[in-house]
Amino acid sequence: MADAKLPTAKLIDGKAFAAGLQQRVAAGVRELVATGAPKPGLATVLVGADPASQVYVRSKGKLAAELGMASFDHRLGPETAEAELLALIATLNADPAINGILVQLPLPKHIDTACVLLAIDPAKDVDGFHPINVGRLGSIAAGAPLDFPVPCTPLGVSMLLQDALGSMAGLNAIVIGRSTLVGRPVAQLLLRLDCTVTITHSRTRDLASLCRQADIVVAAIGKPAFVRGDWIKPGAAVIDVGINRIPTADGKTRLVGDAAFAEILPVAGHLTPVPGGVGPMTVACLMFNTLQAARCAAGLAVSAA
Ligand code: NAP
């Protein structure tokens, strides 16, 4: 009886939001093509035969085609020399049919990943990892348009929060994790939306009490159920980026996030589930970035993110 009266966080349905975003991208592709511009083109590049990477690359190419884009799949053997990969990237950079270049990471150890990412034309860097795009995000003014590619998972986090909360001006946001892939770009995107942002990491002191002051908590740590229910200010929005596979009693595994879902659910105002929260946004934002790059190449303004 008492349980029924407990306040419960509104679940943020990333799967539904991502599906809606994909529909908007498909409509954007149709609109672009109707202007006489070519279809947006996404080139995926996979070096080696890692099974998980093969699945990711295949699903990205398939989704691009479903949304009306042209998809170009490049597979290179595990022994491919760095020079050969760089030559392919130079060809893709010069090809006007290609608007986005995605090099699936991780690359084999004999290839210098930083050197490869640096070789991609920043305008076609739909993962947002090129140092020029990292620098643009790091120096972006409040509210300025995202007219350059932004890392996909952080962009998805910012879209979900904007949809759930509307204006975030003045809200205290804590980002747990400072990786270049997730934590830092999330923090920059929240600054752009006028949040007061605290970035934390493994050396942060008294993380729990910092968390208790936050209206928005973004957990990107890589440790199952790390963020506890009693760290959360009542009504706060909690975005769980973590994807952790843990063993279950029946010998199988299941996915859990970085936040203790059952503890946080009665306290938070909004909460993303794992799976079905941030995860589906990553590939949808890759498609969004590819369309944006194609719009820029056609001399059109980017759509609002
Ligand atoms: P990462 O590069 O390993 O970074 C983890 C961050 O967590 C680091 O900054 C680390 O601090 C911090 N950290 C570790 N222990 C901590 C502690 N005790 N207290 C506070 N901070 C601590 O991981 P990542 O690439 O950012 O990914 C984070 C999580 O998101 C992972 O579960 C990953 O699988 C998931 N992820 C999901 C998606 C998606 O599509 N949904 C995409 C990417 C990543 P230091 O810097 O001090 O080491």
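## Helix packing exercises

In this predicted model, α2 and helix α7 (residues 152-165) pack with their axes 11 Å apart, at an angle of about 105 degrees.

**Exercise 1.** Work out how α2 runs relative to α7, and which residues make the contact.

*Solution.* Start with the angle: about 105 degrees. Angles of 65 to 115 degrees count as roughly perpendicular, so α2 is roughly perpendicular to α7. Next, list who touches whom: α2 brings Gly14, Phe17 and Leu21, while α7 brings Met159, Leu160 and Asp163. Finally, sort these contact residues by character: four are nonpolar, one is polar and one is charged.

**Exercise 2.** Compare the end-to-end reach of helix α3 (residues 51-66) with the expected value.

*Solution.* Count the residues in α3: there are 16. At 1.5 Å a residue, you'd expect 22 Å. From first C-alpha to last, α3 reaches 23 Å, which is close to that. Just past the helix comes glycine 68, with a positive phi near 95 degrees.

**Exercise 3.** Find out how the buried residues of α3 are arranged around its axis, and what covers them.

*Solution.* First, pick out the buried ones: Ser53, Val57, Lys60, Gly61, Leu63 and Ala64. Now look down the axis of α3: these buried residues fall within an arc of 165 degrees, so they line one face of the helix. A handy reminder here: an α-helix has 3.6 residues a turn, so residues three or four places apart point the same way. Then flip to the other side of α3, where Pro51, Lys62 and Glu66 are exposed. Last, check the cover over the buried residues, which includes α2 (14-34), β2 (41-47), β3 (70-76), β4 (100-103) and α11 (279-297).

Conventions. Residues are numbered from 1 along each chain as its sequence is written. This is a predicted model: local features need pLDDT of at least 70, side-chain atom pairs count only at pLDDT 80 or more; totals for chains, interfaces and linings use all residues. Side-chain values use heavy atoms; hydrogens and water are left out. Helices (H or I, at least four residues) and strands (E, at least two) are DSSP runs, numbered from the N terminus. The expected span of a helix is 1.5 Å times one less than its number of residues. Buried means under 20% relative accessible area, exposed over 50%, partly exposed in between (1.4 Å probe, protein chains only). The arc is that of the directions from the helix axis to the C-beta atoms. Contact means heavy atoms within 4.5 Å. Axes are lines fitted to C-alpha atoms, for helices over the stretch in contact, and angles run from 0 to 180 degrees between N-to-C directions. Angles under 35 degrees count as roughly parallel, over 145 as roughly antiparallel, 65 to 115 as roughly perpendicular and the rest as oblique. Ala, Val, Leu, Ile, Met, Phe, Trp, Tyr, Cys and Pro count as nonpolar, Asp, Glu, Lys and Arg as charged, and the others, Gly among them, as polar.
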